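Here is a short briefing on a metal site, a strand and a loop residue. Please read it alongside the model.

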Amino acid sequence: MSLRLKPLHPVFAAEASGIDLTRPLADSEVREINAAMNQYAVLVWRGQPLTGQQQLDFAKSFGPLDLGLKKVFKRKERLEDEHLIDISNVDAEGKVAGRDSPKNLSNFANQLWHSDSSFQDPRAAYSMLHALVLPSWGGNTEFADLRAAYDGLPERTKAELQGLRAEHYALHTRILLGDEAYTDDQKKAIPPAVWPLVETHAGSGRKLLFVGVHARQVIGWPTAESRMYLQDLLEHATQREFVYRHEWQVGDLVMWDNRGTLHRGRRYDIAERRELRRTTIEDVPEARLMAA
Ligand code: OGA
Ligand code: MN
C-alpha cells in the first residue's frame, strides 16, 4: 500500500496513512514520507500501536538519533533506551512527578514555542512523538508553519532580515522559567548555536523564518533590541492562521520537521498522567531526507 495524505489545515499539516510503521520501511516509503514532509511539514499518523523499539527503528530509517538536552542533564531516566525521550510527567520511579520537579520544568519549557534542539549544531531535522497516556483535558500540541510565516512578512521586514543571524541557547527557556541554578560546567556543556533568521528549506525550496524561544540574541545587536525583535517575529510566526492544533488520541504518532516549524505543548492538569515518547533525527548530511 502506498502513502495517503489528507490535509488538516489550510497551509500545512496532513493526516498520513497507508504505510505500516511497525515494520522496516522500504527505501521508496522513506522517500514518499520525505516528499510528504517537504510539502506538509507535520504528518499525523493515527492508531499506531508502536513499541519503543519500533518507534526507534522507524526514526532510524531517516537518520541518526539526537539526544537533545540529555547531554547536559545526566538524570535517572524511566525509559531504557537513551534515544527514546520520555515526554511525560512521570518520574524515574513511575510516579506522577511533583509540581516543582525537574520533569515538570522540562514540560513547562516545552510549552514555549520552540524548534527541538535548535540550540545545538547539528540541530534536529524530524521529531516523532507517540501518545501512550493522555490527561482528561488539555495537553494538546500546537505547530506553527515557519514558511507561511515568512511568506506573510511585510516586504520591509523581509529586506531587513537579510543576512541577520540569531544565537540559540539551550538554557534560555529554563532561565526564563526561573530555573537558574546551573553549574558553570552545565552552562558550557552546550555552547550556543547560530542560525540565519531567514533560511531556504532544503526539501521544498521555500524560504522560512527561523525563530523560536531558544533564540536569545540577534548577532551584532544590543540585547534588549534583539529580544524585542525576536519576540515580535515569534508573535508574527505563531498567529492563529499559521497554527495547527493537534488534539491527541492514544496511539497517534505525529512527526514534524523542526527546520520549518515550531511547536509547543498546551496546559493540562499535571496531577493527571500524560505520557508520550519522542524520537528525533539529527540534521546531518548522512540523514536520509531525500524525497521521491
Ligand atoms: C516535544 C514537545 C510538546 C508536548 O516532545 O518535543 O515539545 O505537547 N512536546 O508534549
Ligand atoms: Mn519539543
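The manganese ion (ligand 2) has the protein donors H114 (NE2), D116 (OD) and H263 (NE2), which lie 2.1 Å from it. Donors are N, O and S atoms within 2.8 Å of the metal (3.2 Å for Na, K and Ca); water is not among the atoms, so sites may look incomplete. This is a predicted model: local features need pLDDT of at least 70, side-chain atom pairs count only at pLDDT 80 or more, and totals for chains, interfaces and linings use all residues. Residues are numbered from 1 along each chain as its sequence is written, chains are lettered from A and ligands numbered from 1 in the order written, and side-chain values use heavy atoms, leaving out hydrogens and water.

**Metal site**
- The donor residues follow the sequence spacing H-x1-D-x146-H.
- H114 is buried, at 3% relative accessibility. Buried means under 20% relative accessible area, exposed over 50%, partly exposed in between (1.4 Å probe, protein chains only).
- D116 is buried too, at 2%.

**Strand β14**
- Strand β14 covers residues 261-265, and 5 of the 5 are buried, so it is largely enclosed by the rest of the structure. Strands (E, at least two residues) are DSSP runs, numbered from the N terminus.
- One side of β14 carries T261, H263 and G265, the other L262 and R264.
- Strand β6 (residues 141-145) runs antiparallel to β14, joined by 5 bridges. Pairing requires at least two DSSP bridges.
- A144 stands opposite L262.

**Residue L8**
- L8 sits in the loop between β1 (4-7) and β2 (14-17).
- L8 is partly exposed, at 29% relative accessibility.
- L8 and R245 are 237 residues apart in sequence and 9.6 Å apart in space, C-alpha to C-alpha.

Conventions:
Helices (H or I, at least four residues) and strands (E, at least two) are DSSP runs, numbered from the N terminus.
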